[in-house]
Amino acid sequence: MLLNPRQQEAVRAITGPVLVLAGAGSGKTRVITEKIAHLITRCGYPAKHIAAVTFTNKAAKEMKERVGQTLGREYTRGLTVSTFHTLGLTIIKKEVTQLNMKAGFSLFDDQDSLALLNALTEPELDGDKELLKRLQHKIGQWKNAMLLPDQALAQAQTDDDKLFAEFYRRYQQNMRACNALDFDDLILLPTLLLRTNDAVRQRWQQKFQYLLVDEYQDTNTSQYELVRLLVGQQANFTVVGDDDQSIYSWRGAQPQNLALLQRDFPKLQVIKLEQNYRSHGRILKAANILIENNPHVFEKKLFSEMEYGVPLRVIYGRNEEHEAERVIAEIVRRRFLERTPYSQFALLYRGNHQARIFEKALIANRIPYRMTGGQSFFARAEIKDMMAYLRLLVNPTDDTAFIRIINCPKRGIGPNTVERIGELAHELHTGLLEAANHQALKTRLGAREFQSVQYFCQLIQRCARRCDHQPEAASALFDLLKTIGYEEWLYETSPSVSAAEMRWKNINELMRWVSDMLKGDAEHEPLSLADTVAKLCLRDMMSRQEEAEQGDQVQLMTLHASKGLEFPHVFMVGMEEGLLPHQSSIDENMVEEERRLAYVGITRAQQSLTFTMAKERRQYGDTLRPEPSRFLFELPQDDLEWEEQTIATEAQQEQTRLSGIALLRKAMED
DNA sequence: ACGCGCCGAATTTTT
DNA sequence: TTCGGCGCGT
């Protein structure tokens with residue numbers, strides 16, 4: 001299909017700064033990929049001088065694929081399509097010496113940095129999880145605002161802030177000692193370096209002569225600054241975004257960055273993509289009218305040339321179980337009557353806890369479903385263990401990794417022994433592993449403990465040395481895994497055999513990625529172990545296995561997780577004051593972002609949209625009678641069918657339930 | 001190794 | 001209020 005006039009305009013605007021305001025379903029990924037193709041084939045930009053930046057690996061991967069399809073792989077060689085964090089990492093790796101860092105640094109995820117913060121604030125905070133989270137969040141805010149510890153301290157108003165700034169200083173000091181970076185550092189360090197070092201900045205401006213940024217409304221201050229520094233005076237760039245889909249401000253995203261562009265680049269060309277190719281007219285109308293309740297810097301109104309479609313519906317359950325039952329009865333009915341496959345239905349909710357009741361009902365009715373989100377692969381204990389081994393191999397000063405695995409699997413090294421090692425490390429100004437390997441430890445530990453520690457150090461060192469010879473690295477890792485007896489340990493400590501099997505399977509999955517990345521393939525150079533580990537930390541695996549084969553399953557996810565996706569039939573559940581908008585957002589005057597969240601949900605729907613709610617909802621042990629969400633009243637009532645609010649008799653309710661089940665029986669006989 | 005008992009969660013989480 | 005996870009004790 002041809003690009004529409006606005007899309008063409010967006011693709012062809014190649015001189016100077018361009019902002020593409022891309023409404024939901026307006027084909028923005030297509031515009032970005034076409035634009036990259038246009039830059040390469042028509043404008044003489046070599047691929048290696050173009051960078052496209054996204055927020056997720058998934059988006060980066062999709063974009064890479066689509067550019068490859070459009071142009072053919074040979075034209076895309078050298079093209080940079082990566083996440084902000086991977087781009088930051090690329091710059092840091094090239095500029096390690098400028099940054100006074102050693103190669104083979106570790107990347108800490110949120111859990112790792114929380115563990116470090118816990119250790120650093122031991123006496124003062126005493127492991128208070130609530131406070132630690134707040135501290136971590138605060139440090140993140142400072143980093144995103146590009147404030148270093150002493151600047152944070154200088155700015156601190158309250159005593160609390162001063163204390164937190166002091167912890168921030170300790171944290172950074174320790175991170176440096178461990179040669180470790182957190183995710184925010186991946187943006188902050190390159191930004192500060194580019195800002196202060198003219199030669200480095202020029203080098204990177206030379207490298208990236210054209211920059212494209214996706215989901216621009218989700219950038220934070222340091223990310224925007226990085227963009228500004230990279231594009232320089234030339235300002236040849238395109239950012240694509242939609243202020244109405246900004247739903248991550250609680251994570252530091254600054255949707256104001258869209259408006260700031262106009263201030264910082266007066267020549268900014270603004271192009272709006274308002275034609276929607278996804279949803280029926282009624283759904284778009286509802287979305288437009290809802291979002292008009294928010295203030296806007298840029299006016300935007302989506303339109304569709306598709307049919308007007310069926311009315312939006314609002315249905316009730318007498319409580320949350322009944323709500324779930326009714327949704328399921330509805331799905332079963334439509335599957336049966338209209339032959340709609342399960343996979344065309346999506347259930348969207350505000351909070352993960354809401355999923356449980358729907359899950360239960362789906363299981364009870366044997367309806368296949370897929371829940372996205374939840375505990376991620378990398379949050380699993382066995383994966384964290386293995387990653388800690390990998391990190392320690394690459395970076396012997398990674399004390400967080402050392403502490404995690406020193407006694408895992410159990411090898412008779414208890415907290416006391418670790419304490420002794422810590423003391424020695426402190427005296428010698430070294431990392432824990434080096435201290436553990438020091439002869440001075442002999443006099444401080446019992447013979448057994450000393451021997452255990454020695455054995456562990458030798459294991460790590462031997463393996464690390466073997467890993468230096470690239471071809472041997474993978475087998476060295478497998479040998480290590482064997483030697484420490486991790487599989488046996490899993491079977492000993494898991495609550496069930498099947499749990500152990502699951503965990504061991506996960507370990508093997510990880511090991512497969514590692515060995516694939518070490519080996520490389522037709523499209524990927526073989527990577528060093530250090531690069532492999534870094535990529536894994538950023539969840540940036542090559543050939544990340546295709547999302548487990550998607551059968552015919554009902555889709556369950558949070559509204560946040562649904563951004564960017566589309567479904568023929570959408571149920572937005574729990575449409576109640578207190579849930580959406582969420583109570584704490586109401587309390588903090590953050591209803592506009594909740595409205596955007598509702599907007600995101602509505603614009604996921606292609607053909608039909610159903611809002612559901614419960615008349616009664618149990619919470620904290622008492623029972624609430626929530627009001628319908630204010631957003632329902634903001635929608636065009638002519639397009640909304642409210643179910644009659646008659647109070648059904650028990651008999652009628654039972655009838656509804658039974659007819660649902662009867663339909664199910666029939667469906668299962670198919 | 002297993003079981004019991006207590007405590008915490010209850011908003012969203014791209015890296 | 002309830003459920004699940006974790007930690008400790010036998």
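Colleague: Why is E166 called partly exposed?

Modeller: In this predicted model, E166 has a relative accessible area of 24%. Buried would require a value under 20%, and exposed one over 50%; 24% falls in between, so E166 counts as partly exposed.

Colleague: Which class does R170 fall into by relative accessibility, and why?

Modeller: The value for R170 is 21%. That is not under 20% and not over 50%, so R170 counts as partly exposed.

Colleague: What makes E166 and R170 a salt bridge?

Modeller: Their closest N and O atoms are 3.7 Å apart. The cut-off is 4 Å between a side-chain nitrogen of Lys or Arg and a carboxyl oxygen of Asp or Glu, so the pair qualifies. Both residues lie in helix α10 (residues 159–177), four residues apart, which is about one turn of the helix.

Colleague: How do you know that D182 forms a salt bridge with K143?

Modeller: The closest N and O atoms of the two are 2.6 Å apart; this is within 4 Å, so the pair counts as a salt bridge. D182 belongs to strand β5 (residues 180–182) and K143 to helix α8 (residues 129–144), so the pair ties together parts that are 39 residues apart in sequence.

Colleague: Why do D182 and K143 count as buried?

Modeller: The relative accessibility of D182 is 6%, and that of K143 is 0%. Buried means under 20%, so both residues meet the definition.

Colleague: What makes the contact of D639 with R282 a salt bridge?

Modeller: Their side chains meet at 2.9 Å, N to O, which is within the 4 Å limit, so the term applies. The pair links distant parts of the chain, 357 residues apart: D639 is in the loop between α30 (630–634) and β19 (640–642), and R282 is in helix α15 (residues 281–291). Both D639 and R282 are buried.

Colleague: How many salt bridges does a search of the whole structure find, and which residues do salt bridges that share partners join into one network?

Modeller: The search finds 53 salt bridges. One network joins D109, D112, K384, R391, D398 and R539 through shared partners.

Colleague: Which residues line the largest cavity, and what is its volume?

Modeller: The lining consists of L107, F108, D109, D112, F183, F378, K384, M387, R391, C537 and R539. The volume is about 90 Å³, and the count comes to one cavity of 30 Å³ or more. By class, the lining has six nonpolar residues, no polar ones and five charged. The largest share, three residues, comes from α18.

Colleague: How do you know that H582 makes a polar contact with DNA strand B?

Modeller: A polar side-chain atom of H582 lies 3.0 Å from a phosphate oxygen of the strand. A polar contact requires N or O atoms within 3.5 Å, so this pair qualifies. By the same cut-off, a polar backbone atom of N352, 2.4 Å from a phosphate oxygen, qualifies too. For D110, the partner of a side-chain N or O atom is a base oxygen of the strand, at 3.3 Å.

Colleague: How many residues surround DNA strand B, and which are the closest?

Modeller: There are 21 residues around the strand, the closest being R251, R350, N352, T558 and H582. Sugar and phosphate account for 50% of the strand atoms that come within 4 Å of the protein. The nearby surface divides into six nonpolar, ten polar and five charged residues.

Technical notes: Residues are numbered from 1 along each chain as its sequence is written. Chains are lettered from A and ligands numbered from 1 in the order in which they are written. This is a predicted model: local features need pLDDT of at least 70, side-chain atom pairs count only at pLDDT 80 or more; totals for chains, interfaces and linings use all residues. Side-chain values use heavy atoms; hydrogens and water are left out. A residue is near a molecule or strand if one of its heavy atoms lies within 4 Å of it. A polar contact is a pair of N or O atoms within 3.5 Å; within protein, one must be able to donate a hydrogen and the other to accept it, and residues adjacent in sequence count only if both atoms are side-chain atoms. Ala, Val, Leu, Ile, Met, Phe, Trp, Tyr, Cys and Pro count as nonpolar, Asp, Glu, Lys and Arg as charged, and the others, Gly among them, as polar. On a 1 Å grid over the protein atoms alone, a cavity is a set of points where a 1.4 Å probe fits but cannot get out, and a pocket is an open set with protein on both sides within 12 Å along at least five of seven lines; lining residues have an atom within 4 Å of a point. Grid points are joined across faces, edges and corners, and a volume is the space filled by probe spheres set on the points. Helices (H or I, at least four residues) and strands (E, at least two) are DSSP runs, numbered from the N terminus. Buried means under 20% relative accessible area, exposed over 50%, partly exposed in between (1.4 Å probe, protein chains only).
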